[in-house]
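I opened my notebook and set out to look up a few features, one entry at a time. Here is what I looked at.

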Amino acid sequence: MASSYEPVWASPPGDTIKDVLAERSLSVDDFSQMMQEPAESIEALLAGSQPITLRIARSLSSVLGSSTQFWMAREIAHRADSTRIENEDWLAELPVPEMTTFGWLDECSSTAAELDACLKFFDIPSARSWPDRQLELIGGTALRTSNTFNSKDGALATWLRRGEIQGSTALCELWDPEGFRVALQNARYLTRKANPAAFIPDLQGLFGAHGVAVEIIPAPGECRASGATRFLTEDRALLQLSFRYLTDDHFWFTVFHEAGHLLLHSDTAPFLEGSGRREDGLEKEANDFAAEALIPNQFRGEMQSLRSARDVMRFARDIGISPGIVVGQMQHSGQIPRSWLNKL
């Protein structure tokens, strides 16, 4: 059975013109004079950066032969190949299989349908709009990431876009920073709930009442983000979590770290952790904010005296927080090895 062959390159009409010039031993200067076009325009035509217009097609027909229709068809075919390759290259950047598995896209039976679905997902008119859209998504977000996982910008932007979609329609009041600070203190008690099915709705309601939509979005395999924050509008913030980590310490520290960005850095330009776009000082501020919010400094001295799992459990109960968070802080500070008390 015959099958159509679609090359992975797009040969510009200039290649055909150069072949004809070589066969006839015509120089570029000779050709420029015969076409009555400036040398710069001819060079651009040969390089493929100057499209063939109807006027140029008629001149080509007169100077080199073949019909005007031939030269116009050659240009149209080149544009179609370029667009197809551009679209296919863009789709290859995206985690389309996972987007389908997660239910973000319907199952597509063709590349054209897949392209249309992805354009709608990102709300862009064509693949050529992707660089600006990707920069808007990634550049407009403060991220908490893990160096353990590889990350591709396409997968990261996809994860962020899904959060944008869900966060924009979530039930949420207007942004209230002072009320949000109080809500954070109340959220400490949610850390003692072990089942996400129990504490996630409570967290969403608690934060949503003060203008922060909390969305749990599974991360594609090549997206290493565990949390992200941004303001979708002046009155609505988004705190997006991937649940990449399932331990008390990592999950809740990420929540409070991202909350710190919203409260401390909402008036600064957005940044990416580890990207070099902002000073590491902002990340340190968010880390310090989270550590203090979870275990206030007034309890740090007592925490230094903890020696056993029983001590940790008593201390955590007294200050109203998960024992796992206490263990994580003790490990992070070097008070105990990272292999100790992990059962908590």
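How many bridges join β2 to β4, and do the two strands run parallel or antiparallel? I looked it up: 5 bridges join them, and the two strands run parallel. I kept in mind that this is a predicted model.

**Entry: strand β4 and its partners**

I picked one bridge to follow. A213 has L238 in β4 as its bridge partner.

Next I turned to β3. This strand pairs with β4 in the antiparallel sense, over 6 bridges. I found F231 standing opposite A237 in β4. The two strands form a hairpin, with 2 residues between them.

Is β4 enclosed or open? I checked its residues for burial. Of the 6 residues of β4, 6 are buried, so the strand is largely enclosed by the rest of the structure. I then sorted the side chains by direction. R236, L238 and Q240 point one way. A237, L239 and L241 point the other way. All of them are buried.

**Entry: L241**

I stayed in β4 and looked at L241. Its relative accessible area is 1%, so L241 counts as buried; the cut-off is under 20%. What does L241 touch, leaving aside neighbours within four places in sequence? I listed W159, V214, E215, I216, I217, S226, G227, F251, T254 and V255.

I also took one distance from L241 to E23. These residues are 218 apart along the chain. Their C-alpha atoms are separated by 63 Å.

**Entry: R230**

I moved to R230, which lies in strand β3, residues 225–233. Is R230 buried or exposed? It counts as buried, because its relative accessibility is 8% and the cut-off is under 20%.

I looked for polar partners of this side chain. One is the side chain of Q240, with a polar contact at 3.2 Å. The backbone oxygen of L160 also lies 2.5 Å from a polar atom of the R230 side chain.

Then I noted the contacts of R230, not counting residues up to four places away in sequence. Among them are L137, G140, T141, R161, G163 and E164. R236, A237, L238 and L262 are also on the list.

**Entry: helix α9**

L160 and R161 led me to α9, since both are among the buried residues of this helix. The helix covers residues 153–169, which makes 17 residues. How far apart should its ends be? At 1.5 Å a residue, I expected a span of 24 Å. The end C-alpha atoms are 25 Å apart, which agrees.

I checked how covered the helix is. It is mostly covered, with 12 of its 17 residues buried. The buried ones include G154, W159, R162 and G167.

**Entry: the nonpolar cores**

Which residues touch the most other members of the largest nonpolar core? I wrote down F180, F207, W252, F256 and V326. This core has 43 residues. Several elements each supply at least two of them, including α10 (177–187), α11 (196–208), β2 (212–216) and β4 (236–241). The helices α13 (280–294), α15 (309–319) and α16 (323–333) are also among these elements. The largest share, 8 residues, comes from α12.

I looked closer at F256. Not counting residues up to four places away in sequence, F256 touches L184, A187, R188, F289, A290, A293 and L294.

There is also a second, separate core. It has 29 residues, and L115, L156, C223 and A225 are among them.

**Entry: cysteines**

How many disulfides does the structure hold? I found 0. I looked at C108 as a case. C108 is in no disulfide, and the nearest cysteine sulfur, that of C118, is 6.9 Å away. A disulfide needs the two sulfur atoms within 2.5 Å. C108 counts as partly exposed, because its relative accessibility is 25%.

**Entry: two loop residues**

Last, I looked at backbone angles. Phi of Q36 is near 55°, a positive value in a residue other than glycine. Q36 lies in the loop between α2 (28–35) and α3 (39–47). Its relative accessible area is 72%, so Q36 is exposed.

I noted S66 as well. Its phi is near 65°, again a positive value in a residue other than glycine. S66 is in the loop between α4 (54–64) and α5 (68–93).

Notes:
Residues numbered from 1 in each chain as written. Predicted model: local features only at pLDDT ≥ 70, side-chain atom pairs only at ≥ 80, totals over all residues. Heavy atoms only, no water. Helix = DSSP H or I, 4+ residues; strand = E, 2+ residues; numbered from the N terminus. Buried < 20%, exposed > 50% of the residue type's maximum accessible area, 1.4 Å probe, protein only. Polar contact = N/O pair within 3.5 Å; in protein donor to acceptor, adjacent residues only side chain to side chain. Contact = heavy atoms within 4.5 Å. Core = buried A, V, L, I, M, F, W, Y, C linked by side-chain atoms within 4.5 Å. Pairing = 2+ DSSP bridges. Expected span 1.5 Å × (residues − 1).
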